[in-house]
Amino acid sequence: MHGDAAVSPGAKPHVSVIVPVMNERRTLARVLAEAFRVHPLAEVIVVCNGSADGSPAIARRSGARVIEWPQPLGHDVGRAIGAKAAAGDVLLFIDGDMDLPASVLKTFVSEVDSGADIALNHYSGPVRKRKVHGAVLAKHALNDLLGRPDLGGASLTAVPHAISRRALEMIGAELLAVPPVAHAAAIHHGLNVRLSAAVPVGRLNGKRRRKGHWRMLENLIVGDHLEAVGWWLQQQND
C-alpha cells in the first residue's frame, strides 16, 4: 500500500483518480502507483468490471478503493460509477492500461485547480489523411456544432481528463457514462472547458487494442456522438 500517498483515515481527498478496469493485471500496478503520486491527498477508485485475471486483488494491494462488478459494464459506465463514489474536489479519469507518469497526470489536476471546470486531453486525432477515422470526424463535428471549434477533436471521450466538483454537480455523474453527451452538457451549462496536456491516445491505443476491436469501438463512439447531437438539439428546442 502507498502509505505516503494514500489519504489518511478521516482526511478529505483533494483528487479522486477514477480507473475503470477490465483484466488489466499486466499494467495495473504501475498505473495505480502513478495515480497515487498525483497529489498528496489523492484517493484512487478502481471500478473492476468483468475482470477474471486478479485485477481486483492487485488494486486492493495498491491501497485503492475497489468497486467490483462481476459482469462487464460497457465502455464508459465505470467512469460514472467511480464519479458517484468520488469525494475529491477534482476528479481525474484514466484507464487501467494507460501507463502514464504522474507528471503528465498532474497537468490535468493543475488545470482544474487554476480555474477550469473541465481539462481535456489536447488530442484531436490524425486528420491529415485521405480517410479520417469516423470517431475523429465525430469529435470535430460535435465541437463545431457546440460552437467550440477551438477544441478541435478534443473530447471527454478521451482520457486522461479532469473535471471539477462543480462540473460533476452540474452535469450529473450519470451522463459521464456517455462522454459526448456529458461534453455537450458542459458546454450547454457554460462551464469552463479547456485544453490541457496532449497525450497521444491514438498511438497508445494502437499498442493496446486488437485490430478487430477498432471497428466496434468506432461504431460505439460515433453512436455516442450522434446521441450528443440529439441531446444538444433538444436543449435548443426547449
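**Exercise 1.** In this predicted model, work out in which sense strands β2 and β3 pair, and over how many bridges.

*Solution.* Start by finding the two strands: β2 covers residues 42–49 and β3 covers residues 65–69. Now look at how they line up: they pair in the parallel sense, over five bridges. For one bridge to check by eye, take Cys 48, whose partner in β3 is Glu 68. Then trace the connection: the chain leaves β2, runs through helix α2 (residues 55–62) and arrives at β3, a β-α-β crossover that is right-handed.

**Exercise 2.** Find the residues that line the largest cavity, and sort them by character.

*Solution.* First, count: the structure has one cavity of 30 Å³ or more. Its space comes to about 30 Å³. Next, list the lining: Arg 79, Phe 93, Leu 156, His 161, Leu 176 and Pro 179. Finally, sort them, and you get four nonpolar residues, one polar and one charged.

**Exercise 3.** Is the peptide bond from Val 159 to Pro 160 cis or trans?

*Solution.* Check omega: the value is near -5°, so to speak the giveaway for a cis bond. Then place Pro 160 on the chain: the residue sits in the loop between α5 (134–145) and β6 (161–164).

**Exercise 4.** Take Asn 23: is this residue buried, partly exposed or exposed?

*Solution.* Locate Asn 23 in the loop between β1 (15–21) and α1 (28–36). Look at the backbone: phi is near 55°, a positive value in a residue that isn't glycine. Now the accessibility: the relative value is 36%, and partly exposed lies between under 20% (buried) and over 50% (exposed). Asn 23 therefore counts as partly exposed.

Definitions and conventions
Residues numbered from 1 in each chain as written. Predicted model: local features only at pLDDT ≥ 70, side-chain atom pairs only at ≥ 80, totals over all residues. Heavy atoms only, no water. 1 Å grid on protein atoms, 1.4 Å probe; cavity = no way out; pocket = protein on both sides within 12 Å on 5 of 7 lines; lining within 4 Å. Points joined across faces, edges and corners; volume = space filled by probe spheres on them. Nonpolar A, V, L, I, M, F, W, Y, C, P; charged D, E, K, R; others polar. Pairing = 2+ DSSP bridges. Helix = DSSP H or I, 4+ residues; strand = E, 2+ residues; numbered from the N terminus. Right-handed = clockwise from strand over helix to strand, strands pointing away. Buried < 20%, exposed > 50% of the residue type's maximum accessible area, 1.4 Å probe, protein only.
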